[in-house]
Amino acid sequence: MPQGWIHIVAGQVPHCNLLVAGISCKDLSRANSKHSNKKALLRTAGSPGGTVATYRAFLEYLAYQAPETFIVENSDAMADESSSDDSNINIFLVDARERGYEAQPVIVDCQDYGAPARRKRIYIYGIKVVSASGLDVWGGFWSDLRLPCPSLGKQVGLTLSKLCN
């Protein structure tokens with residue numbers, strides 16, 4: 001069993017078709033003033049709040065069990081400086097691609113869905129790619145995605161360029 005799995009459970013983690021995971025956000029959160037240099041955090045040897053350890057355990061699970069899809073949740077600060085190659089979101093997308101996944105992030109403000117406070121979160125959806133020979137994995141899915149937004153009384157269209165720039 002991969003070494004980082006002790007972070008998930010003490011024992012064998014079974015295969016699943018859809019992995020829903022959260023990576024510790026302590027070291028990425030803007031609310032944590034103790035850690036000012038968060039750029040490329042996911043490439044560091046470790047982090048005091050467990051972000052790097054839980055991220056590596058997630059990657060090990062992808063490599064070892066290869067679920068067909070995954071959804072990961074974290075602080076929207078993960079997408080800070082997204083235009084930079086060494087931003088945390090770009091590191092995540094590259095690491096997922098190296099394990100055979102195409103992934104797409106979406107940022108959602110929970111306040112728009114009834115939460116009593118503003119809380120932006122990033123959700124990353126990944127699909128295992130069987131063959132990448134010119135295949136458009138998303139097929140327009142993200143360009144047409146519309147989420148109901150009760151507090152605004154309308155549906156909100158989401159695209160990567162609107163969310164991560």
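Which residue in strand 4 is the bridge partner of Ile 107? I looked this up first and found Ile 122 in that position.

**Entry on the model.** I note that this is a predicted model, in which local features need pLDDT of at least 70, side-chain atom pairs count only at pLDDT 80 or more, and totals for chains, interfaces and linings use all residues. Residues are numbered from 1 along each chain as its sequence is written, and side-chain values use heavy atoms, with hydrogens and water left out.

**Entry on the fold.** I recorded three helices and six strands in the protein chain. Helices (H or I, at least four residues) and strands (E, at least two) are DSSP runs, numbered from the N terminus. Along the sequence, I read their order as β-α-β-α-β-β-β-β-α. I then looked up contacts (heavy atoms within 4.5 Å). Of those with a separation of 6 or more in the protein chain, 64% are between residues 24 or more positions apart.

**Entry on strand pairing.** Two strands pair if DSSP finds at least two bridges between them. I found that strand 3 (residues 101–109) and strand 4 run antiparallel and are joined by nine bridges. Strand 4 (residues 120–128) also runs antiparallel to strand 2, with seven bridges between them. For Thr 69, I found the bridge partner Ile 127 in strand 4.

**Entry on the interior.** I noted that 42% of the 165 residues in the protein chain are buried, that is, under 20% relative accessible area, where over 50% is exposed and in between is partly exposed (1.4 Å probe, protein chains only). I next looked up the largest nonpolar core, a set of buried Ala, Val, Leu, Ile, Met, Phe, Trp, Tyr and Cys residues joined through side-chain atoms within 4.5 Å. This core has 27 residues, and those with the most contacts inside it are Phe 58, Phe 70, Phe 92 and Ile 124. Two or more residues come from each of helix 1, strand 2, helix 2 (88–98), strand 3 and strand 4. Helix 1 gives the most, with six residues. Leaving aside residues up to four places away in sequence, I found that Phe 92 touches Ile 23, Leu 42, Tyr 55, Phe 58, Phe 70, Val 72, Met 78 and Ile 124.

**Entry on Ala 66.** Where does Ala 66 lie? I located Ala 66 in the loop between helix 1 (51–65) and strand 2 (69–75). Its phi is near 50°, a positive value in a residue other than glycine. Most residues other than glycine have a negative phi. I also noted that Ala 66 is partly exposed, with a relative accessible area of 28%.
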